[in-house]
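Hi,

Here is the structure I said I would pass on. Have a look at it first, and my notes follow underneath.

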Amino acid sequence: PRPVVAIVGRPNVGKSTLFNRLARRRLAIVHDQPGVTRDRKEAEAIVGGRDVTLVDTAGLEEAPPETIAGRMTAGSERAVDQADLVLFVIDGRAGLTPADEHFAAWLRRKGRPLVVVVNKAEGRAAAGGVAEAYALGLGEPVAISAEHGEGLGELHARVAELL
Ligand code: GDP
Ligand code: MG
């Protein structure tokens with residue numbers, strides 16, 4: 001079966017922009033649990049030279065399970081549990097937030113193969129964000145601009161090492 005690559009991170013870091021850049025063909029989602037899988041998107045993509053199923057998620061937030069944000073987070077958790085590789089996206093311009101650090105700790109406990117992706121790094125605006133991301137201790141971050149298509153060669157190379 002195709003390896004599953006899940007894109008996770010707090011809202012607004014550029015997960016869907018990265019998903020759209022990498023996606024080749026959208027896959028229909030089977031709604032086995034209405035209201036839960038609803039906001040998950042999957043696509044066929046070539047990442048790191050491999051034919052993978054790429055999963056976009058609604059975003060990780062610290063929120064009680066009965067809230068919309070909590071259900072989004074539950075969707076992200078399911079995606080992580082099913083993933084062969086996780087792309088943990090942070091916003092290199094905003095720098096690390098407490099929410100990023102919270103979810104970095106959570107992902108560390110999950111123990112899935114993972115790449116820290118520092119997005120919005122076009123024009124070296126994210127140099128500080130890259131240093132902060134490195135300090136998470138989740139491996140060497142890859143700086144990209146999902147919007148401008150920069151750094152993707154390096155991202156593919158890192159994925160190829162891990163898949
Ligand atoms: P998501 O909530 O994590 O899925 O984030 P989105 O993909 O919806 O993007 C959130 C915002 O960040 C949008 O306004 C995007 O245009 C912007 N964005 C995404 N990627 C980049 C990037 O590489 N550079 C910059 N400057 N903005 C980006
Ligand atoms: Mg999104």
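**What I found**

In β4, A6 has V55 as its bridge partner. That pairing is a good way into the sheet, so I'll begin there. Keep in mind that this is a predicted model.

A6 belongs to strand β1, which covers residues 4-8. Four bridges tie β1 to strand β4 (residues 50-56), and the two run parallel. β1 also has four bridges to β5, again in a parallel arrangement. On that β5 side, V5 stands opposite L85. Strand β1 is mostly covered, with four of its five residues buried. If you set aside residues up to four places away in sequence, A6 touches V55, T57, A79, V80, A83 and V86.

Stepping back, the protein chain has five helices and seven strands. Starting at the N terminus, the elements go β-α-β-β-β-α-β-α-β-α-β-α. The chain has 163 residues, of which 38% count as buried. Taking contacts between residues at least 6 apart in sequence, 66% join residues at least 24 apart.

Now the sheet as a whole. It is an open sheet of seven strands with mixed pairing, in the order β2-β3-β4-β1-β5-β6-β7. β2 (23-27) and β7 (142-143) are at the edges with a single partner strand each, so one side of each has no neighbour in the sheet. Strand β5 (residues 85-91) and strand β6 (residues 114-119) run parallel and are joined by six bridges. One residue pair to look for there is L87 with its bridge partner V115 in β6. Helix α4 (residues 127-134) packs on the sheet and touches β5, β6 and β7. The direction of α4 makes about 160 degrees with that of β6.

Next, the inside. In soluble globular proteins, nonpolar side chains tend to be buried together. Here the largest nonpolar core has 40 residues. Those with the most contacts inside it are V5, A6, V86, F88, V117 and V118. β5 gives the most to this core, with six residues.

One more residue to click on is L155, which is in helix α5 (residues 152-162). Is L155 buried or exposed? L155 is buried, because 21 other C-beta atoms lie within 10 Å and the cut-off for buried is 20 or more. Leaving out neighbours within four places in sequence, L155 is in contact with V117, V142 and I144. L155 and V47 are 108 residues apart along the chain, yet their C-alpha atoms are separated by 8.5 Å.

Finally, the ligand. Which residues are the closest to ligand 1? They are G14, K15, S16, T17 and E147, out of 16 residues that surround it. Helix α1 (residues 15-22) gives the most to this shell, with three residues. By type, the shell around ligand 1 divides into three nonpolar, nine polar and four charged residues.

For a quick tour on screen, I'd go in this order:

- the A6 and V55 bridge between β1 and β4
- the edge strands β2 and β7
- helix α4 packed on the sheet
- L155 in helix α5
- the residues around ligand 1, including K15 and E147

Cheers

Note on methods
Residues are numbered from 1 along each chain as its sequence is written. Chains are lettered from A and ligands numbered from 1 in the order in which they are written. This is a predicted model: local features need pLDDT of at least 70, side-chain atom pairs count only at pLDDT 80 or more; totals for chains, interfaces and linings use all residues. A residue is near a molecule or strand if its C-beta atom, placed from the backbone, lies within 6 Å of it. Ala, Val, Leu, Ile, Met, Phe, Trp, Tyr, Cys and Pro count as nonpolar, Asp, Glu, Lys and Arg as charged, and the others, Gly among them, as polar. Two strands pair if DSSP finds at least two bridges between them. Two residues are in contact if their C-beta atoms, placed from the backbone, lie within 7 Å. Axes are lines fitted to C-alpha atoms, for helices over the stretch in contact, and angles run from 0 to 180 degrees between N-to-C directions. A nonpolar core is a set of buried Ala, Val, Leu, Ile, Met, Phe, Trp, Tyr and Cys residues joined through C-beta atoms within 7 Å. A residue is buried if 20 or more other C-beta atoms lie within 10 Å of its own, exposed if 12 or fewer, and partly exposed in between; C-beta atoms are placed from the backbone.
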